[in-house]
Amino acid sequence: GAHALSVLPMAIFSACRERGKIASSLSLSSTNNNDEWIEYQSNHGRGQDHLSAFVEEGDVVVYQGGTWYVDGVEVGDGTDTTFEYCRVETLQVVWTHNCEHGVIRGYQMVPTEDSDCGDDRDECTTQSMTVSLDDSVEFGPEQLVARLTSACPN
């Protein structure tokens, strides 16, 4: 089954990520077309071509929770699919020619206090997020939806 990527807000880094620095905040906007900053798993393959093979520590990624599909098979806890943002800290993934196994760990990206979105991110047009060092997360590479690249805006 296809996942609804249309509900993902476009992502804009509040500042460019320079070599040696990690993203600590980002601004989300559904009104700007910034697909060149987003690398989707749907454009990648399996195994060594999986998006997780290109993720680096410090990258901001989008992963899915709730219920999702792996090779057409429903997995997860049976609840509605959610999309969450994470700054990657470590990867423990093994890639073969046609599969990937392991875990991606990091910190949840959470709305800042000045965000006007509240809990309803689907209705939000602009939202600021920051890393929550109190909210560590881990997920499998099959849950990875997208990587926000470190490209700077023109």
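Two strands count as paired here if DSSP finds at least two bridges between them, and that criterion underlies the first stop of this tour, Val60, whose bridge partner in β10 is Leu148. The model on screen is a predicted one, and every value below is computed from its atoms.

**Whole chain**

Before selecting anything, colour the chain by secondary structure: the protein has zero helices and 10 strands, so that a reading along the sequence gives the pattern β-β-β-β-β-β-β-β-β-β. Of the 154 residues in the protein, 42% are buried. If the contacts between residues at least 6 apart in sequence are drawn, 63% of them join residues at least 24 apart. With the surface switched on, the protein exposes about 8600 Å², of which carbon and sulfur atoms supply 45%.

**Strand β4**

Select residues 60-65, which form strand β4. Six of the six residues in β4 are buried, and the strand is mostly covered. Turning the view shows this for both faces, with Val60, Val62 and Gln64 buried on one side and Val61, Tyr63 and Gly65 buried on the other.

Next, add the pairing partners of β4. Strand β7 is joined to β4 by six bridges, and the two run antiparallel; within this pairing, Val60 stands opposite Arg87. Strand β10 also pairs with β4 in the antiparallel sense, over four bridges, and Tyr63 has Leu144 as its bridge partner there.

**Arg87 in β7**

Stay on the β4–β7 pairing and centre on Arg87, which belongs to strand β7. Is Arg87 buried or exposed? Its relative accessible area is 8%, and Arg87 is therefore buried, given that the cut-off for burial is under 20%. Showing side chains here brings up a polar contact of 2.8 Å between those of Arg87 and Glu89.

**Strand β10**

Now select residues 144-148, strand β10. Why can this strand be described as largely enclosed by the rest of the structure? The reason is that five of its five residues are buried. Besides its pairing with β4 over four bridges, β10 is joined by three bridges to strand β3, residues 38-40, and these two strands run antiparallel.

**Glu39 in β3**

From β10, move across to Glu39, which is found in strand β3 and stands opposite Arg147 of β10. Glu39 has a relative accessibility of 19% and counts as buried. Two side-chain contacts are worth displaying at this residue: a polar contact of 2.6 Å joins the side chains of Glu39 and Arg147, and the side chain of Glu39 makes another polar contact, at 2.9 Å, with the side chain of His44. Arg147 is thus both the residue opposite Glu39 in the strand pairing and a partner of Glu39 in a side-chain polar contact.

**The nonpolar cores**

Hide the polar side chains and select Ile38, Tyr40, Val60, Val62, Phe83, Tyr85, Met109, Met129, Val131, Val145, Ala146 and Leu148, the 12 residues that make up the largest nonpolar core. Strands β3, β4, β7 (82-95), β9 (126-139) and β10 are the elements that give two or more residues to this core, and β10 gives the most, with three residues. A second, separate core has 11 residues, including Leu51, Val88, Val93 and Ile104.

**Ser132 in β9**

For the next selection, take Ser132, which lies in strand β9. Ser132 is buried, with a relative accessible area of 10%. Which residues does Ser132 touch, not counting those up to four places away in sequence? They are Tyr107, Gln108 and Val110. A distance drawn between the C-alpha atoms of Ser132 and Tyr107 reads 6.1 Å, although these residues are 25 apart along the chain.

**The cysteines**

Finish with Cys86 and Cys99. Cys86 has a relative accessible area of 0% and is buried, while Cys99, at 19% relative accessibility, also counts as buried. How many disulfides does the model contain? The count is zero, where a disulfide would require a pair of cysteine sulfur atoms within 2.5 Å.

Methods
Residues are numbered from 1 along each chain as its sequence is written. This is a predicted model: local features need pLDDT of at least 70, side-chain atom pairs count only at pLDDT 80 or more; totals for chains, interfaces and linings use all residues. Side-chain values use heavy atoms; hydrogens and water are left out. Buried means under 20% relative accessible area, exposed over 50%, partly exposed in between (1.4 Å probe, protein chains only). A nonpolar core is a set of buried Ala, Val, Leu, Ile, Met, Phe, Trp, Tyr and Cys residues joined through side-chain atoms within 4.5 Å. A polar contact is a pair of N or O atoms within 3.5 Å; within protein, one must be able to donate a hydrogen and the other to accept it, and residues adjacent in sequence count only if both atoms are side-chain atoms. Contact means heavy atoms within 4.5 Å. Accessible areas come from the Shrake-Rupley method with a 1.4 Å probe; for residues, only the protein chains shown count as cover.
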